[in-house]
Number of protein chains: 2
Amino acid sequence: MELHQLRYFCAVADTGSFSRAAEQSHVSQPSLSQQILKLEDELGARLFDRLGRSVRLTELGKTFLPRARAVLRELEAARGDVVEQKDSIAGSVTIGAIPTVAPYLLPRILTSFSRKFPQVHLTVVEEITPVLLDRLRASLVDIAVLALPIRGHEFESFPLLTEPLFAVLPQKHKLAMRRSISLKEVRKEPFLLLRDGHCFRENAVAACDRARVHPQVIFESGQFSSLLGMVGAGMGVSLIPQMAMDKKSNCRYVPISDPGATRTIGAVVLRGRSLTRANLSFLSLLRQFAK
Amino acid sequence: MELHQLRYFCAVADTGSFSRAAEQSHVSQPSLSQQILKLEDELGARLFDRLGRSVRLTELGKTFLPRARAVLRELEAARGDVVEQKDSIAGSVTIGAIPTVAPYLLPRILTSFSRKFPQVHLTVVEEITPVLLDRLRASLVDIAVLALPIRGHEFESFPLLTEPLFAVLPQKHKLAMRRSISLKEVRKEPFLLLRDGHCFRENAVAACDRARVHPQVIFESGQFSSLLGMVGAGMGVSLIPQMAMDKKSNCRYVPISDPGATRTIGAVVLRGRSLTRANLSFLSLLRQFAK
DNA sequence: TAGAATGGATAGGCGTTGCCTATAGGTAGT
DNA sequence: ACTACCTATAGGCAACGCCTATCCATTCTA
């Protein structure tokens, strides 16, 4: 039983004639005849009575007709669904972001995206990098926003922005008014850093390593705002990316002059995974905002 | 979009692997791959993400899957309907019968048939021959029971029984006690006959013609029972087929000895029309009862 | 890190099958 | 009887699905 056979069958039922059905189906009459015969053969019963002048459905044909139509209707519905969804920006998108990016970068982007594409259901997951990568692998997250580079080429990365690192100093610190400083200049200061697991901690430690600085860490937290509070209270110094700067805090921010004291934020997707139009729209918005 | 493509697609979705799907579908993996590719090509979008180890449905694939299943389910339903109806004795059967046969032959057959095949919805139409033939042509009647022969080979006839004709005489008629009589012997009697249009009238007239008798018709009716009543009242004589004999009436019935004074009842169907199992069952019951 | 194993895509050949044209065979209508 | 119309059949051709062999990428293992 093939689809074209069902189509031919319906055409004959509609037109009441093999010839007209063939014409309507854009095939020759013998071809159509053959296919109807073949269909009848497979079903083991006649679907039409050939009565000289006209062709009429048998009882069996009468019950088969609506079923055949149903098959074709379902088929069209399937095709329709695809073309509809294919070029519509809708559905749901799950964004993952690391905690050291989420509160600074996402809010503006999310609101803008929601305003632009209200059809899309947005979900945001805030997790540390390895968890996000796992979620990407499992397709539980569509796009992850995190610090590059990511190793392993099962992922595909799109760099978004590279931001300088800043030293965070108490307002009355002796270096507080400098235009820039080197990490070496704060090597003796007590350090406040993010907790282990947060990738920005690796960024900071890596920057220190490069500068041959081995900071003495006296406080760890899961969020920058805590660090800023502690620094403001004079507990020590810290290191943060530009986007975490908070003018309202009690701190001074001085750019780090050491080369490579930066972090790069990028969007990461699972390599080979097909992205929906909504996914792509979000990606392009990300790039736009990163400029 | 072809059915086997949908089947392959579902198989891949089910097994999560092209290879296993191919095995399950009894085709080689390359064949299945090609067909999936072709399907994706036609739809203009990927249905699966090929991720090294595993294969996963895309968003689009996820919405396509239930639709594809629906198509295949409808297809199976269609096939199921056919095989079920093909060899079941059910549905409806419409029987046509002429008025000079219906009340005598049908009642027993109908009750017997209904008892044997309660699933079949029986309808009976009582009309004169030309009307029945029209109904046969229009497939409004499946099987007509009427007097043969029928001319025109758009019909197919199955003789059921040939019955002798009887003269109907008043009980005190001078020929009433004869073992048989010839039409010639009643040529002078006033005749009571069926109305024009009833084919038995033609039967009767034909029998008279053959016997070179030209009866003087003084009464016409649409049913034998009226004729019998009138004959019983002494109005004249009549001619009826055996099955119309009514012992309870006030008449004597004497066989007609003239050769060919018979009528043949047969079942007639539209030639080339396919008969349902129910139709065939009714036909065979007809033959059985006619013996 | 090399090598084996797994799984999907590609290439090329083969057989089936659906479609074509031409024609036969049958039934209405003139 | 002749014509017109319609479906079935015959035979040839091209397309397409399936096959085997092979490639290529990823993943697992030594």
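# Two chains, two DNA strands

Trainee: Which element gives the largest share of the surface near DNA strand D?

Mentor: Helix 3 of chain A, with 5 residues. Keep in mind that this is a predicted model.

Trainee: What makes a residue count as near a strand?

Mentor: Its C-beta atom, placed from the backbone, must lie within 6 Å of the strand. Around DNA strand D, 20 residues qualify. The closest are A:Ser19, A:Pro30, A:Ser33, B:Ser28 and B:Gly52. Helix 2 (18–25) and helix 3 of chain A, together with helix 3 of chain B, are the elements that give two or more residues.

Trainee: How many residues of each class does that surface have?

Mentor: 6 nonpolar, 10 polar and 4 charged. Gly counts as polar here.

Trainee: Which residues come nearest to DNA strand C?

Mentor: A:Ser28, A:Gly52, B:Ser19, B:Pro30 and B:Ser33, out of 21 around that strand. Two or more residues each come from helix 3 (29–43) of chain A and from helix 2 (18–25) and helix 3 (29–43) of chain B. Helix 3 of chain B gives the largest share, 5 residues. By class, the surface near DNA strand C has 6 nonpolar, 10 polar and 5 charged residues.

Trainee: How do you know how the two copies are related?

Mentor: Superpose them. A rotation of 179° with 0.0 Å of shift along its axis puts chain A on chain B, at an RMSD of 0.3 Å. The copies are therefore related as by a two-fold rotation axis. In chain A, A:Val71 has the C-alpha nearest that axis, 2.7 Å away.

Trainee: What shows that the same surface serves both copies?

Mentor: The contact residues. Of those in chain A, 100% recur in chain B.

Trainee: Now the helix pair. Why is helix 5 of chain A called oblique to helix 9 of chain A?

Mentor: Start with the angle. The axes of helix 5 (residues 102–116) and helix 9 (residues 277–290) of chain A cross at roughly 130° and come within 10 Å. Roughly perpendicular stops at 115 degrees, and roughly antiparallel needs over 145. The angle fits neither, so helix 5 is oblique to helix 9 in chain A.

Trainee: What is the handedness of the crossing of helix 5 and helix 9 of chain A?

Mentor: Right-handed.

Trainee: Which residues meet there?

Mentor: From helix 5 of chain A, A:Arg108, A:Ile109, A:Ser112 and A:Phe113. From helix 9 of chain A, A:Phe282, A:Leu285, A:Leu286 and A:Phe289. By class, this contact has 6 nonpolar, 1 polar and 1 charged residues.

Key:
Residues numbered from 1 in each chain as written. Chains lettered and ligands numbered in written order. Predicted model: local features only at pLDDT ≥ 70, side-chain atom pairs only at ≥ 80, totals over all residues. Axes fitted to C-alpha atoms, helices over the stretch in contact; angles between N-to-C directions. Helix = DSSP H or I, 4+ residues; strand = E, 2+ residues; numbered from the N terminus. Parallel < 35°, antiparallel > 145°, perpendicular 65-115°, else oblique. Left-handed = near helix turned anticlockwise from the far one by under 90°. Contact = placed C-beta atoms within 7 Å. Least-squares fit on C-alpha atoms with pLDDT ≥ 70 in both.
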